[in-house]
Amino acid sequence: MFKEDCLFCKIVAGTIPCNKVYEDEQILAFHDIAPAAPVHVLIIPKKHIDSMNEVTAEDLPLISEIHRVAIELAKQLGIAESGYRLINNCGPDSGQAVQHLHYHLLGGGKLGALTGISDSHA
């Protein structure tokens, strides 16, 4: 499933380059171009899914695999022991900037609070 106007689908297709850290048949992970932490990797399914709200029962094994990949990447990137965040933004109020399901893997330093209403994640 490819969506013509989707930035992440274009990255999956290879028409837009990325700094890849992981790829298999279902998942792609790459460094964020505007990192919010010393380690900031985006983990996306290759299948286009607009957001967590569109995940179906059929997609649940894929979501599980994304979480497995996140754990492996945290180990490989040296943040598993010190701690990290795995964040999925869903919808406009969350700050979801790209309408393609994705997770942010953040770590590599003390991370700030993510509570309340804030302009810091716009």
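Which residue of strand 3 stands opposite His31? The partner is Val41, and the views below lead from this pair to other parts of the model, which is a predicted one.

**View 1. Strands 2 and 3 run side by side.** Val41 in strand 3 faces His31 across the pairing. Strand 2 covers residues 27-31, and strand 3 covers residues 39-45. The two strands are antiparallel and are joined by 5 bridges. Strand 2 is mostly covered, as 4 of its 5 residues are buried. As a general hint for looking at such a view, side chains in a regular strand alternate between the two faces of the sheet.

**View 2. A hairpin brings strand 1 alongside strand 2.** Strand 1 spans residues 20-23. Between strand 1 and strand 2 there are 3 residues, and together the two strands form a hairpin. Their pairing is antiparallel, with 3 bridges. To find your way along this pairing, look for Tyr22, which stands opposite Ala29 in strand 2.

**View 3. Five strands make an open sheet.** Now step back to take in the whole sheet. Reading across it, the 5 strands follow the order 1-2-3-5-4, and the pairing is antiparallel. Which strands stand at the edges? They are strand 1 and strand 4 (84-87); each has a single partner strand, so one side of each lacks a neighbour in the sheet. Between neighbouring strands the average turn is 15°, with direction ignored.

**View 4. Helix 2 packs on the sheet.** Here the helix made of residues 60-76 comes into the picture. Helix 2 touches strand 1, strand 2, strand 3, strand 4 and strand 5, the last of these being residues 103-107. The direction of helix 2 makes about 155° with that of strand 3.

**View 5. Two aromatic rings meet edge-to-face.** The structure holds 1 aromatic pair. The ring centres of Phe8 and Phe30 lie 5.8 Å apart and the planes stand at 75°, so the arrangement is edge-to-face. What does this pair tie together? Phe8 belongs to helix 1 (residues 7-13) and Phe30 to strand 2, so the contact ties together parts 22 residues apart in sequence. Are the two residues buried or exposed? Phe8 is buried, at 5% relative accessibility, and Phe30 is buried too, with a relative accessible area of 4%.

**View 6. Lys47 takes part in salt bridges with Glu58 and Asp59.** In general, side chains of opposite charge can pair when their charged atoms come close. The salt bridge between Glu58 and Lys47 has an N to O distance of 3.8 Å. Both residues sit in the loop between strand 3 and helix 2, 11 residues apart. Asp59 also forms a salt bridge with Lys47, here at 2.4 Å, N to O. Asp59 lies in the loop between strand 3 and helix 2 as well, 12 residues from Lys47. The surroundings of these residues can be read from their accessibility: Glu58 is exposed at 66%, Lys47 is partly exposed at 24%, and Asp59 is buried at 4%.

**View 7. A salt bridge lies within helix 2, and a network lies elsewhere in the chain.** How many salt bridges does the model hold? The count is 7. One of them joins the side chains of Glu72 and Lys75, at 3.8 Å from N to O. Both residues lie in helix 2, 3 residues apart, which is about one turn of the helix. Glu72 is partly exposed, with a relative accessible area of 34%, whereas Lys75 is exposed, with 52%. Salt bridges with shared partners also join Lys20, Glu23 and Lys46 into one network.

**View 8. His48 has polar partners on its side chain.** His48 is found in the loop between strand 3 and helix 2. With 11% relative accessibility, His48 counts as buried. Its side chain makes a polar contact of 2.6 Å with the side chain of Asp50. Another polar contact, of 3.1 Å, links the side chains of His48 and His100. Leaving aside residues up to four places away in sequence, His48 touches Met1, Lys3, Cys6, Cys9, Gln99 and His100.

Conventions. Residues are numbered from 1 along each chain as its sequence is written. This is a predicted model: local features need pLDDT of at least 70, side-chain atom pairs count only at pLDDT 80 or more; totals for chains, interfaces and linings use all residues. Side-chain values use heavy atoms; hydrogens and water are left out. Two strands pair if DSSP finds at least two bridges between them. Axes are lines fitted to C-alpha atoms, for helices over the stretch in contact, and angles run from 0 to 180 degrees between N-to-C directions. Contact means heavy atoms within 4.5 Å. A salt bridge is a side-chain nitrogen of Lys or Arg within 4 Å of a carboxyl oxygen of Asp or Glu. Buried means under 20% relative accessible area, exposed over 50%, partly exposed in between (1.4 Å probe, protein chains only). A polar contact is a pair of N or O atoms within 3.5 Å; within protein, one must be able to donate a hydrogen and the other to accept it, and residues adjacent in sequence count only if both atoms are side-chain atoms. Rings of Phe, Tyr and Trp (its six-membered ring) pair if their centres lie within 6.5 Å; planes under 30 degrees apart count as stacked, over 60 as edge-to-face and the rest as tilted.
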